[in-house]
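Work through the exercises below with the sequence and the 3D structure at hand. Each task is followed by a solution in steps.

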Amino acid sequence: MRFINIVANSSRQPARDDSTIRRRRHVDYAQMIVALEHEGDAVQKIQEWHDVDRAVFENEILPANRPAVLRGLLRDWPAVKAARESQADLVNYIKRCDTGGAVNAMIGPPEIKGRFFYSDDFQGFNFGSRQVPISAAMDTLLSLAEDPQPPAIALQAMYVPDIMPSFLEENKLPLLGSDIGPRIWIGNRSMIATHFDNNHNIACVVGGSRRFTVFPPDQVANLYIGPLLRTPGGSPISIVDLRNPDHARFPKFRQALESAEEAVLEPGDAIFIPILWWHGVESLDSLNILVNYWWNEASAAHHKPILGLVHSMALMSGLPAEQRESWRAFFDHFVFQADGDPGAHLPPDLRDVYGTLSPADRDQIMAFIAERMKR
Ligand SMILES: O=C(O)CCC(=O)C(=O)O
């Protein structure tokens, strides 16, 4: 899937008057359509912002709840400056920050061409995992840089405060509180399948370049999601190969592409991906480093709604259609609160599962369900 043509302005973004545009620090409103080489599919560009500060992020970007590219946000990071010098400088920088711990590395054979995925029969995965010291992994990646068919290597989501505290000190994100700890992703060329996270995300490209393709949550039916429980990286994934979609096998994927947006990020650029937006990420160089910040403003008691989905599917998928329809009305009312607070008529001591729960309340309800499920 390579870009061949930047075509035109699109009308997807709402029109804004000139004074608003002036106040918004050089926001690039051009929404260009990018035609893809393989069957003329067209994917729109993610809206781009420049010189974003915390006020703009909190007052404009976050409330819009749409993906946003934040060009040049980290251009002054020492790590980005090292990456701009050379791969060797970036490797040395990371090695200087490394405190020597071993981390998990995903390693796949050259034949997978960086696509970390299921095995052909979907019974396992097409890659293995091994514990490696970060500095050794950096040396290996550098030594493979000129190899035209290297094994695929990915060290994912390593918690920076634990493994590289000095990186944290030297490279700070101006948009979020320091309570949100970053994670670092290191690897060579790869294709991370389209998935969602139960977190907002600011992902920052430090070295190499990355292509992000995002889809709104409601495209779920057009993305052909694989198994929910056994997944390559923890989140359910689309089984459509984003680089080379099989439109005959996955015809509804064209509809997903109509809602998709894309951007290629270079060192110093960042992207905001709202919670639950689907995203597939292609790392495009022989050495790529990303640092990302995940957060979720919901209380800790509400951090695993996917388990509610899985539980509901296990209990309800086999019901006759008319029963599922009735349950849809109950879910709309009680879970999705389509009619407002479903417990508004109840005094506080009768609101058991209604409303926001504390972690202790949540644990009590889970224990109640587990007990009832045994009968
Ligand atoms: O960039 C990658 O390799 C994957 C990153 C990702 O999925 C994320 O930041 O949520």
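## Overall composition

The chain holds eleven helices and 17 strands. The model is predicted. Of its 375 residues, 30% count as buried. Among the contacts in the chain with a separation of 6 or more, 75% are between residues 24 or more positions apart.

## Exercise 1: The nine-stranded sheet

Task: Give the order of the strands in the open sheet of nine strands, and state which strands form its edges.

Solution.

Step 1. The order is β4-β5-β15-β12-β17-β10-β9-β6-β8, and the pairing is mixed.

Step 2. The edge strands are β4 (48-50) and β8, each of which pairs on one side only.

Step 3. Direction ignored, neighbouring strands of this sheet are turned by 25° against each other on average.

## Exercise 2: Pairings within the sheet

Task: For β4 with β5, β12 with β15, and β6 with β8 and with β9, find the sense of pairing and the number of bridges.

Solution.

Step 1. β4 and β5 run parallel and are joined by three bridges. W49 has L70 in β5 as its bridge partner.

Step 2. β12 and β15 run antiparallel, with four bridges between them. Here N201 stands opposite I273 of β15.

Step 3. β6 (residues 102-108) pairs with β8 (residues 128-133) in the antiparallel sense, over six bridges. The bridge partner of A105 in β8 is R130.

Step 4. β6 also pairs with β9 (residues 152-159), again in the antiparallel sense, over three bridges. In β9, A152 is the bridge partner of G108.

## Exercise 3: The two faces of β5

Task: Sort the residues of strand β5 (residues 68-71) by the way they point, and say whether they are buried or exposed.

Solution.

Step 1. In a regular strand, side chains alternate between the two faces of the sheet.

Step 2. In β5, A68 and L70 point one way, while V69 and R71 point the other way.

Step 3. All of these residues are buried.

## Exercise 4: The surroundings of A270

Task: Locate A270, explain why A270 counts as buried, and list the residues that A270 touches beyond four places in sequence.

Solution.

Step 1. A270 belongs to strand β15 (residues 270-273).

Step 2. A residue is buried if 20 or more other C-beta atoms lie within 10 Å of its own. A270 has 25 C-beta neighbours inside 10 Å, and therefore counts as buried.

Step 3. Leaving aside residues up to four places away in sequence, A270 touches L70, L73, L74, I202, A203 and C204.

Step 4. V69 is 201 residues from A270 in sequence, yet the C-alpha atoms of the two are 5.9 Å apart.

## Exercise 5: The contact of α3 with α4

Task: Describe the geometry of the packing of α3 and α4, and list the residues that meet there.

Solution.

Step 1. Helix α3 (residues 78-85) packs with helix α4 (residues 87-97) at an angle of about 145°, and their axes are 5 Å apart.

Step 2. The crossing of α3 and α4 is right-handed.

Step 3. From α3 come A79, A82, A83 and E85, which meet D89, L90 and Y93 of α4.

Step 4. By class, the residues of this contact are five nonpolar, no polar and two charged.

## Exercise 6: The ligand shell

Task: Name the residues around the ligand, trace which elements give two or more of them, and sort the shell by class.

Solution.

Step 1. Around the ligand are W185, I192, D197, N201, A203, R210, V281, S283, L290 and N292.

Step 2. Two or more residues of the shell come from each of β12 (200-207), β16 (278-283) and β17 (288-295).

Step 3. The shell divides into five nonpolar, three polar and two charged residues.

Step 4. N201 of this shell is also the residue that stands opposite I273 in β15. A203, another residue around the ligand, is among those that A270 touches.

## Exercise 7: Two positive phi values

Task: Where are D51 and K113 placed, and what is the phi of each?

Solution.

Step 1. D51 is in the loop between β4 and α2 (54-64). Its phi is near 55°, a positive value in a residue other than glycine.

Step 2. D51 is partly exposed, because 13 other C-beta atoms lie within 10 Å.

Step 3. K113 is in the loop between β6 and β7 (115-116). The phi of K113 is near 50°, also positive in a residue other than glycine.

Step 4. With 14 other C-beta atoms within 10 Å, K113 is partly exposed.

Key
Residues are numbered from 1 along each chain as its sequence is written. This is a predicted model: local features need pLDDT of at least 70, side-chain atom pairs count only at pLDDT 80 or more; totals for chains, interfaces and linings use all residues. A residue is near a molecule or strand if its C-beta atom, placed from the backbone, lies within 6 Å of it. Ala, Val, Leu, Ile, Met, Phe, Trp, Tyr, Cys and Pro count as nonpolar, Asp, Glu, Lys and Arg as charged, and the others, Gly among them, as polar. Axes are lines fitted to C-alpha atoms, for helices over the stretch in contact, and angles run from 0 to 180 degrees between N-to-C directions. A crossing is left-handed if the near helix is turned anticlockwise from the far one by less than a right angle, and right-handed if clockwise. Two residues are in contact if their C-beta atoms, placed from the backbone, lie within 7 Å. A residue is buried if 20 or more other C-beta atoms lie within 10 Å of its own, exposed if 12 or fewer, and partly exposed in between; C-beta atoms are placed from the backbone. Two strands pair if DSSP finds at least two bridges between them.
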